[in-house]
Amino acid sequence: MKIRFFIAATLAACAFSSCSDLFDTESDRLVYDPALDQKVDSMFYTLGALKGVQQAIDQYVLTNEMRGDLVSPTAKASDDLQNLASFRTTTENRYDSAYVYYRIINNCNYYIAHRDTTLVTSGKYVAKNEYVEAFAIRAWAYLQLAKTYGEVPFYTEPLTNIGSVEAVEKQPRKNLSQIADLLLPDMLKYSGTPVPASSKTISAGTTNSGLSKEVIYSKMMIPIDVVIGDFYLETNRYPEAAHYYFTYLKDNKVSGGNFTTSYFNYPDFRSLPRELTSGNNVHYGNGTEWAGIFSAKSSTTDIVTYVPMATNKLRGTTTELPGLWGYNYYSTAEGNSYNEDVSLQPSTAYLNLCNAQDYYYATGAGQNSGTWEYYSASLGDMRRYAMIQTVKNGTDPSFTVMNKFNNANIPLYRGTGIYLRLAEAVNRMGHPDVAFAVLKDGLSEAGLSNSLYLTPEGREFLETELPFLSDLYSSRFLNNAGIHGGGSGWVEGSQTLYQYQTEVSKKLAELAANNKLNITLGQDAKADTINAVEDLICDEMALELAFEGSRFGDLCRIARHKNESNPYAAGTFGSQWLADKLAFKNPAVDLTDPNNWYLPFK
């Protein structure tokens with residue numbers, strides 16, 4: 001499709017809500033002039049832009065997950081999904097559309113260009129937070145465009161006539177780094193600005209099963225510091241990325257990893273180790289139940305941003321994601337909760353990764369008695385069992401259902417995900433011990449006070465440069481815990497069998513066994529450790545964030561890190577690493593060539 005055609009389609013800039021839509025703002029004013037001088041316009045336009053995110057979310061999830069290593073299509077999957085998974089995508093693929101992102105961008109451009117930001121109520125600028133949110137939403141959309149297509153048309157003025165479209169068409173396309181340089185200066189001025197805060201909930205209607213659904217207004221918003229951090233991380237600017245992730249986490253007092261999934265989720269209790277069935281007091285970790293993150297209300301602190309979908313087409317935009325994974329969210333038939341024509345399933349690579357994880361626990365008379373004994377068992381990661389269930393629909397054969405999307409709320413940013421990206425940046429800054437702490441103990445004074453692996457340099461880093469442990473901020477992170485414990489039990493402390501050197505050594509051996517990577521261990525010990533910890537973080541992203549829509553982008557970003565700074569094969573090491581991860585998919589293109597990481601531009 002010619003650039004002019006799909007950009008011209010954005011001339012009808014604003015995706016206004018109808019009176020029955022999920023994003024109805026109780027305003028009947030449609031703004032076609034550039035005044036934007038009424039206070040209600042801020043929420044009105046913000047929800048219009050977020051409606052665009054809603055309309056893009058299925059494509060965002062599927063283009064990332066189908067091309068990643070965690071999902072495989074079943075025989076029931078459409079040709080479009082099959083082609084995404086095998087890297088045979090053409091511009092005819094229904095999930096290949098740049099327009100869904102440009103629609104968001106033009107909404108935001110219009111708002112930014114014309115909003116009257118001087119309106120004041122009770123001494124406060126009423127439009128500021130919504131104004132900054134427009135920068136964040138626009139940046140998120142451009143980030144997805146650049147990650148998906150490589151080089152794309154770029155503009156920040158609203159397109160309102162064919163002449164402005166032609167002007168954009170004549171300009172050279174911009175890549176991710178160039179877009180970052182163009183967008184970040186304006187965004188940095190608003191660092192620290194909170195998302196539009198409101199306790200307001202929006203009715204999404206009633207589900208076909210009769211349950212009402214409400215959406216939390218503030219949790220639909222994209223924090224500007226997180227998007228700034230993403231741009232810096234994607235372009236290998238690690239100190240800046242870490243700084244802005246930290247800014248968001250400390251300003252919002254976000255704790256990471258305070259979740260757990262017990263061995264009670266294990267499907268075959270007969271094979272459990274004796275200690276787990278003997279009746280002794282068993283300890284497997286602290287925190288609230290991990291599966292609750294994806295509850296209907298999505299009110300846990302781990303949900304930073306989600307995209308809520310309507311309960312039916314009369315209430316707005318719906319999603320096909322639950323149905324593709326086997327859950328009939330929109331079913332009207334009584335007792336027909338599951339769809340046996342499942343299109344998506346966990347890949348063998350994902351299942352093998354889960355099965356390779358040990359489960360850590362302690363047993364004894366009690367912690368205070370000092371009689372704990374520490375064990376590990378080859379049970380796999382429990383998040384898999386909490387998330388993927390085998391069901392039987394009447395007399396039909398059993399099949400698997402993935403339940404993260406069962407409430408038709410699609411997570412976009414989660415606290416644990418931000419901590420994992422922070423760990424990714426910190427590791428590349430030369431602090432793999434600090435990065436590993438995000439997985440093991442959490443970045444808190446209590447968790448790290450008796451750490452045997454945190455170096456003096458690492459502690460100083462956490463007291464000064466990234467001040468989680470400083471006197472000023474440590475109280476904001478008292479509840480931080482290791483993210484790996486979410487599925488692998490008791491991983492915190494100096495006595496658990498989950499330890500830094502052990503995990504790094506195992507990962508190094510795994511990397512070195514890959515002959516294509518041509519690793520000579522010991523050539524650069526620090527680089528070896530950074531690569532190993534980076535792969536541990538990549539694995540944790542798979543275990544924690546599987547199927548949520550970030551996987552292929554995560555793999556490409558980490559591959560770029562490895563390409564840029566590596567003692568083994570500079571410029572090509574990461575590309576080979578990514579190609580090896582996806583080799584089991586038999587891709588139709590050579591993934592050692594980064595040009596083949598992009599979809600055809602449409």
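**Strand β15.** I started with β15 in this predicted model. Six of the six residues of β15 are buried, so the strand is largely enclosed by the rest of the structure. Buried here stands for under 20% relative accessible area. I then looked up the pairing of β15. Strand β9, residues 303-308, runs antiparallel to β15, and five bridges join the two. One bridge I noted sets Thr305 against Tyr413 of β15.

**Helix α8.** Next I turned to α8, which spans residues 224-234. I found 11 of its 11 residues buried, and I put the helix down as mostly covered. Among the buried residues are Asp225, Asp230 and Glu234, along with Ile224, Val226, Phe231 and Leu233. I asked what covers them. The cover includes the strand from my previous entry, β15 (409-414), and also the helices α5 (128-149), α7 (176-188), α9 (238-251), α14 (415-428) and α21 (551-564). Just after α8 I noted Asn236, where phi is positive at about 65 degrees.

**Cavities.** I then looked for enclosed space. The structure has 11 cavities of 30 Å³ or more.

**Largest cavity.** The largest cavity holds about 120 Å³ of space. Which element gives the largest share of its lining? I found that β15 does, with four residues. Both β15 and α14 supply at least two residues each. In the list of lining residues I read Pro411, Leu412, Tyr413 and Arg414, and further on Gly417, Ile418 and Arg421. Tyr413, the bridge partner of Thr305, is thus one of the residues that line this cavity. Val226, buried in α8, is also in the lining. Other lining residues include Tyr60, Leu545, Glu548 and Ser550. By class I recorded seven nonpolar, two polar and three charged residues.

**Second largest cavity.** The second largest cavity has a volume of about 90 Å³. Of the 13 residues that line it, Tyr60, Trp140, Gln144, Lys147 and Arg421 are the closest to its centre. The elements that give two or more residues to this lining are α2 (41-66), α5 and β15. I noted that α5 gives the most, with four residues. The lining divides into five nonpolar, five polar and three charged residues.

**Cross-check.** I compared the entries for the two cavities. Tyr60 and Arg421 are in the lining of the largest cavity, and Tyr60 and Arg421 are also among the residues closest to the centre of the second largest. β15 gives at least two residues to the largest cavity and two or more to the second largest. α5, which leads in the second largest cavity, is also part of the cover over α8.

Key:
Residues are numbered from 1 along each chain as its sequence is written. This is a predicted model: local features need pLDDT of at least 70, side-chain atom pairs count only at pLDDT 80 or more; totals for chains, interfaces and linings use all residues. Side-chain values use heavy atoms; hydrogens and water are left out. Buried means under 20% relative accessible area, exposed over 50%, partly exposed in between (1.4 Å probe, protein chains only). Contact means heavy atoms within 4.5 Å. Two strands pair if DSSP finds at least two bridges between them. On a 1 Å grid over the protein atoms alone, a cavity is a set of points where a 1.4 Å probe fits but cannot get out, and a pocket is an open set with protein on both sides within 12 Å along at least five of seven lines; lining residues have an atom within 4 Å of a point. Grid points are joined across faces, edges and corners, and a volume is the space filled by probe spheres set on the points. Ala, Val, Leu, Ile, Met, Phe, Trp, Tyr, Cys and Pro count as nonpolar, Asp, Glu, Lys and Arg as charged, and the others, Gly among them, as polar.
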